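Hi everyone, thanks for coming. I'd like to walk you through one protein today, piece by piece, so have a look at the picture first.

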Amino acid sequence: MAAHYDVLIVGGGIAGLSLASALAGSCSVALVEAEQELAYHTSSRSARQLIPSYGPEVVQELTVRTLELMAARDAQLPEPVLTPRSFMLIGTEESVRAEASGHMSPITHDRALELCPALVPGAFSAAGLDTGSFGCNAPLLLADHRQRAEAAGADIITGARVHSAQRLGSGWEIGAGQEAFEAGVLVNAAGAWADEIAVISGVEKLGLQPYRRTAAVVDVKRPLPEHSPMVAAADNSFYFRREGEHVLISPSETVPSGPEDARPRPGDIERLIVRLNQLTTLGIRGVRSAWTGLRTEAADGVPVAGFDAEAPGFYWLAGQGGYGFQTSSAMAELAAAQILAGQGAGHSAGHSSGAAHHPASRTAEALAAARWSIRR
């Protein structure tokens, strides 16, 4: 016998978990994850920084809303998810001006060196600062979403890879692992595997492309001061930030990949260490750990949240790129409102907060799975 739910979410990363916690209590929810543990892939390999000045306009709007929702939740938690940590962009005058947004202000060369004394003065000529940026305790946030979802009645099943899905009557019949499910709405929050889930479900894929992004935690001779900003090159060639007494670094590569359990490639981190030891006085002397995540993007670089144009009850929550955590709460809010609006779950969306986050808003239109700019 198949277990029946109003909504079945495929994918146990930040997207799926945040939606499960937003929906649970308003309808019956199950979340299935292919791996034996939640958030195994990209969500456990995040830079853990929420940056209002980072990404397209709609992403920046979602980031501001996510920060609002997280701050409200932090007021109820014994330990905060968010910690203030500025974000500084460095480079040439032209490159910084091209990348800076309304959330970022230009700062002088001397001020940049004051904020991050590890920088070699000749390493850059211009800088911008986003003081509304926050560090994110990703494991705590993920655990909170899971606790909230399960406390409200959601079922979370790990080690259950989806192997079949078909439209049946007014809903979906899904096979995952050894289990069978029926659901009014099938949510595709499978990250790098989102297009594969579409194919399994008989739904036209969106051409979502995973890209590699490697990072490492390194030992340094001179640790960064406690309140140092995260520093990124305006040409997107590296970033680094404090990680306790160590430093987290990344070459910020954007290399196409298939959906896989990505691993660092020889030379990527080593080349960056040579460069950072020229541009800074950190004195990097060894790698403690290194990893690679996959940032999956739509053709227009904007996340996807919305019902499929052709397949009733099939909801896309994918293509977050490098904006997964920083847009997660706002995207879950919007997705929950759309799903509860009656397109499968049969509930009211009256709890949606504010016109900017209503299912019919321009935000929803910008993220819609049916938008013309998404097809490759």
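Let me start with a question: which residue follows α1, and what is the sign of its phi? The residue is glycine 25, and its phi is positive, near 100°. Before I go on, please keep in mind that this is a predicted model.

Okay, so what about α1 itself? This helix covers residues 14-23, and nine of its ten residues are buried, so the rest of the structure largely encloses it. If you want to find them on your screen, the buried ones are Ile14, Ala15, Gly16, Leu17, Ser18, Leu19, Ala20, Ser21 and Leu23.

Now let's zoom out. In total, the protein has nine helices and 20 strands. Its radius of gyration is 21 Å, close to the 21 Å that the globule rule gives for 376 residues, so the protein is as compact as a globular protein of that length. Put a box around the C-alpha atoms, along the principal axes, and you get roughly 65 × 45 × 40 Å.

How much of the protein is buried? Of the 376 residues, 56% are. On the outside, the accessible surface comes to about 15,700 Å², and 51% of that belongs to carbon and sulfur atoms. And if you take the contacts between residues at least 6 apart in sequence, 72% of them join residues at least 24 apart.

A quick word on charge. There are 29 positive and 40 negative side chains, and the centres of the two sets lie 6 Å apart.

On to the strands. Strand β1, residues 3-10, runs parallel to β2, with four bridges joining the two. One pair to look for is valine 7 and its bridge partner in β2, valine 29. Strand β2, residues 29-32, is covered on both faces: Val29 and Leu31 are buried on one side, Ala30 and Val32 on the other.

There's also an open sheet of three strands, in the order β3-β8-β4, with antiparallel pairing. Here β3 (49-50) and β4 (82-84) stand at the edges with a single partner strand each, so one side of each has no neighbour in the sheet. Between β4 and β8, which is residues 134-136, you'll find three bridges. In one of the pairs, leucine 82 has cysteine 136 in β8 as its bridge partner.

Let me finish with three single residues. First up, threonine 327, in helix α8, residues 324-340. Is threonine 327 buried or exposed? Its relative accessible area is 0%, so it counts as buried. Leaving out residues up to four places away in sequence, threonine 327 touches Val59, Leu62, Thr63 and Thr66.

Next, glutamate 196, which sits in helix α6, residues 194-200. With a relative accessible area of 41%, glutamate 196 is partly exposed. Glutamate 196 and proline 259 are 63 residues apart in sequence, and their C-alpha atoms are 8.9 Å apart in space.

Last one: serine 101, in the loop between α3 (93-99) and β6 (105-107). How far apart in space are serine 101 and alanine 160? They are 59 residues apart in sequence, and C-alpha to C-alpha the distance is 42 Å. Setting aside neighbours within four places in sequence, serine 101 is in contact with Ser53 and Gln60.

That's my tour, thanks for listening!

How values were computed:
Residues numbered from 1 in each chain as written. Predicted model: local features only at pLDDT ≥ 70, side-chain atom pairs only at ≥ 80, totals over all residues. Heavy atoms only, no water. Buried < 20%, exposed > 50% of the residue type's maximum accessible area, 1.4 Å probe, protein only. Rg over C-alpha atoms; globule rule 2.2 N^0.38 Å. Contact = heavy atoms within 4.5 Å. Areas by Shrake-Rupley, 256 points an atom, 1.4 Å probe, with all protein chains shown as cover. Lys, Arg positive; Asp, Glu negative; His and termini not counted. Charge placed at Lys NZ, Arg CZ, Asp CG, Glu CD. Pairing = 2+ DSSP bridges.
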